[in-house]
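Ready for some practice in reading a protein model? Grab the viewer and work through these exercises one step at a time.

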Amino acid sequence: MQRDSLTVGRVIGDVLDPFTRSVPLRVTYNSREVTNGCEFKPSAVAEQPRVEVGGTDLRIFYTLIMVDPDAPSPSEPTLREYLHWLVTDIPATTEASFGKMWSTRRGQEFVCYERPRPQLGIHRYVVALFQQLGRETVYAPGWRQNFNTRDFAELYNLGSPVAALYFNCQRESGSGGRRMIRKDKQASSRIIEPQGFLMTTVGEQANYCRHLRKLSLDAQNDGFHLTADRQKGY
């Protein structure tokens with residue numbers, strides 16, 4: 001059923017490849033649990049959710065990614081995927097749950113949570129969990145727009161997802177309507193390349209990621225997080 005609902009919602013295909021769920025994942029907004037295909041109003045998802053990851057081996061770490069594949073509109077998703085949240089080094093334990101506060105024991109928030117603010121149509125918001133090769137092996141991307149979950153997972157050898165969920169969200173005053181999805185070519189990866197800087201090898205990408213991670217850690221020490229575009233909502 002897990003894969004079927006993700007396939008029906010076209011999460012499989014637009015964001016992820018087929019996979020078999022192997023780790024329990026529970027996401028809740030103000031005590032309401034996310035189930036595939038459910039709908040939330042923007043006001044209900046304004047604050048980052050509480051996330052619970054199953055498992056018993058504290059030596060295993062996970063990366064959590066939240067994206068919008070329908071930005072800025074489902075009919076013309078030119079910003080697919082828009083990155084809303086990225087947390088790494090999440091320990092595998094049934095008792096590791098996290099909400100507003102993050103620590104090194106519960107994960108590293110590399111991209112702070114940006115609330116969904118869809119302006120056109122019904123948007124899908126996908127939360128995917130990946131198992132890392134080890135601790136501190138995944139680094140921050142360069143920006144939110146045109147993020148590519150598949151490419152990001154390939155770059156850091158994350159493999160297939162171990163769990164995923166998605167929910168729908170539209171404008172606060174929205175009242176339903178069919179989502180229009182345009183079939184287009186897979187967006188090229190812009191994970192970590194700033195304008196005017198082309199990285200041709202995985203090694204160069206990894207080196208640049210290490211540089212970005214250092215900048216991210218320095219910024220976090222100063223109380224700064226990767227900021228969102230506040231002029232447009234996705």
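Here are three short exercises with worked solutions.

This is a predicted model, where local features need pLDDT of at least 70, side-chain atom pairs count only at pLDDT 80 or more, and totals for chains, interfaces and linings use all residues. Residues are numbered from 1 along each chain as its sequence is written, and side-chain values use heavy atoms, with hydrogens and water left out.

**Exercise 1.** Find out how confident the predictor is in the protein chain.

Solution. Start with pLDDT, the predictor's confidence in each residue, from 0 to 100. The protein chain averages 79, and 68% of the residues score at least 70. Next, look at residues 100-104, where the pLDDT is below 50. Residues 178-204 also have a pLDDT below 50. Where pLDDT is low, don't read the predicted coordinates in detail.

**Exercise 2.** Describe how the rings of phenylalanine 40 and phenylalanine 167 pair up.

Solution. Rings of Phe, Tyr and Trp (its six-membered ring) pair if their centres lie within 6.5 Å; planes under 30 degrees apart are stacked, over 60 edge-to-face, and the rest tilted. Here the centres are 5.3 Å apart with 75° between the planes, so the pair is edge-to-face. Now locate them: phenylalanine 40 sits in strand S3 and phenylalanine 167 in strand S10, 127 residues apart (strands are DSSP E runs of at least two residues, numbered from the N terminus).

**Exercise 3.** Is phenylalanine 147 buried or exposed?

Solution. Buried means under 20% relative accessible area, exposed over 50%, partly exposed in between (1.4 Å probe, protein chains only). Phenylalanine 147 has 1% relative accessibility, so it counts as buried.

Technical notes: Contact = heavy atoms within 4.5 Å.
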